[in-house]
Amino acid sequence: MQFWDEAAPQIGGAGFNLVNCSWRKPTCLETCKIAEALGFSSRWPGAVLASGFHTQIPHVAQLTRVQWLSSCGSIWRREILDRNGFDELFGSYSYLEDLDFSVRVGRTWELVVVPGADFVHQEASHGRMSRYKFGMKTVVNRIYFVKKHPEFSLTKACVVILVRTAMKLLSGLRYGRLPDVQWALGNAVGLMKSFIQNPKRMRYIS
């Protein structure tokens, strides 16, 4: 509340500062010019890449401007919520609904993470969909998001998805991790479905 009392008028959304984040510093390979150009990764936290993929937001020590905010820990100006809603086509387990909302709002407003507003996000131990279905949903929603916003490259998105899927599959097979294999298979099926089905019929993958 102290932040909002003094917030600049161009700031539209403020994120809480996640304490138990899983963020790690990107490797040199992930932040090389080729990787950044293709949209695999970026050295900047909270960035949205040309591929439509986004980077995680670490626990910050100072007010940090970002390009997206998580819906589980953010506050938005009332006038923004009055004019903008979440896209219901993400549906069910609404993966990337916050990224889509942030990108739309971020065209005219600034988004920041507030260092003093710490919070902890506890994962639910039950009620999650299978790794296969969630792997499918991550791709279906990503492709829908990229197609929706012309500033992102569908080609780059597909390249990143294919490379990540192959890496997850090889890792799963090499180390005997069945969930990784299931995730990769879900990715592959989701990519095919994204180009042969109407997204309105896919909104409730659960």
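Me: Which residue in β3 stands opposite Ala 14?

Reply: Ala 14 stands opposite Ile 75 in β3. This is a predicted model, in which local features need pLDDT of at least 70 and side-chain atom pairs count only at pLDDT 80 or more, while totals for chains, interfaces and linings use all residues. Residues are numbered from 1 along each chain as its sequence is written, and side-chain values use heavy atoms, with hydrogens and water left out.

Me: What makes β1 and β3 a pair of strands, and in which sense do they pair?

Reply: Two strands pair if DSSP finds at least two bridges between them. Strand β1 (residues 11-18) and β3 have three bridges, in the antiparallel sense, so the pair satisfies that definition. One further partnership in β3 is that of Gly 15 with Ser 74.

Me: How many bridges join β1 to β4, and which way do these strands run?

Reply: Six bridges join β1 to β4, and the two strands run parallel. Among the opposed residues, Gly 15 stands across from Val 113 in β4, and Leu 18 across from Phe 119 in β4.

Me: Why is the pairing of the sheet called mixed, and in what order do the strands lie?

Reply: The four strands form an open sheet in the order β2-β4-β1-β3, and the pairing is mixed. The parallel run belongs to β1 and β4, whereas β2 and β4 run antiparallel over three bridges, with Thr 64 opposite Val 113 in β4.

Me: What makes a strand an edge strand here, and which strands are they?

Reply: An edge strand pairs on one side only, which holds for β2 (64-66) and β3 (74-76). Direction ignored, neighbouring strands of this sheet are turned by 30° against each other on average, where the axes are lines fitted to C-alpha atoms (for helices, over the stretch in contact) and angles run from 0 to 180 degrees between N-to-C directions.

Me: How many helices and strands are there in the chain?

Reply: The chain has seven helices and four strands, and from the N terminus on its elements run α-β-α-β-β-α-α-β-α-α-α. Both kinds are DSSP runs numbered from the N terminus, helices being H or I over at least four residues and strands being E over at least two.

Me: Why does Leu 96 count as buried?

Reply: Buried means under 20% relative accessible area, exposed over 50%, and partly exposed in between, with a 1.4 Å probe and protein chains only. Leu 96 has 4% relative accessibility and therefore counts as buried. Its place is in the loop between α3 (78-83) and α4, and its phi is near 80°, a positive value in a residue other than glycine. Most residues other than glycine have a negative phi.

Me: What makes α4 mostly covered?

Reply: Nine of the 10 residues of α4 are buried, among them Asp 98, Phe 101, Arg 104 and Val 105. These buried residues pack against β3, α3, β4 and α5. Strand β1 is also mostly covered, with six of its eight residues buried.

Me: Which residues of the largest nonpolar core touch the most other members?

Reply: A nonpolar core is a set of buried Ala, Val, Leu, Ile, Met, Phe, Trp, Tyr and Cys residues joined through side-chain atoms within 4.5 Å. In the largest, which has 22 residues, Val 105 and Phe 145 touch the most other members. At least two residues each come from α4 (97-106), β4 (110-119) and α5 (131-148), and α4 gives the largest share, four residues. If residues up to four places away in sequence are not counted, Val 105 touches Trp 76, Ile 80 and Leu 111, a contact being heavy atoms within 4.5 Å.

Me: Why does the radius of gyration agree with a compact globule?

Reply: The radius is taken over C-alpha atoms, and the globule rule is 2.2 Å times the number of residues to the power 0.38. For 206 residues a compact globule would have a radius near 17 Å, and the chain has 18 Å, which agrees. Along the principal axes, the C-alpha atoms fill a box of roughly 50 × 40 × 35 Å.
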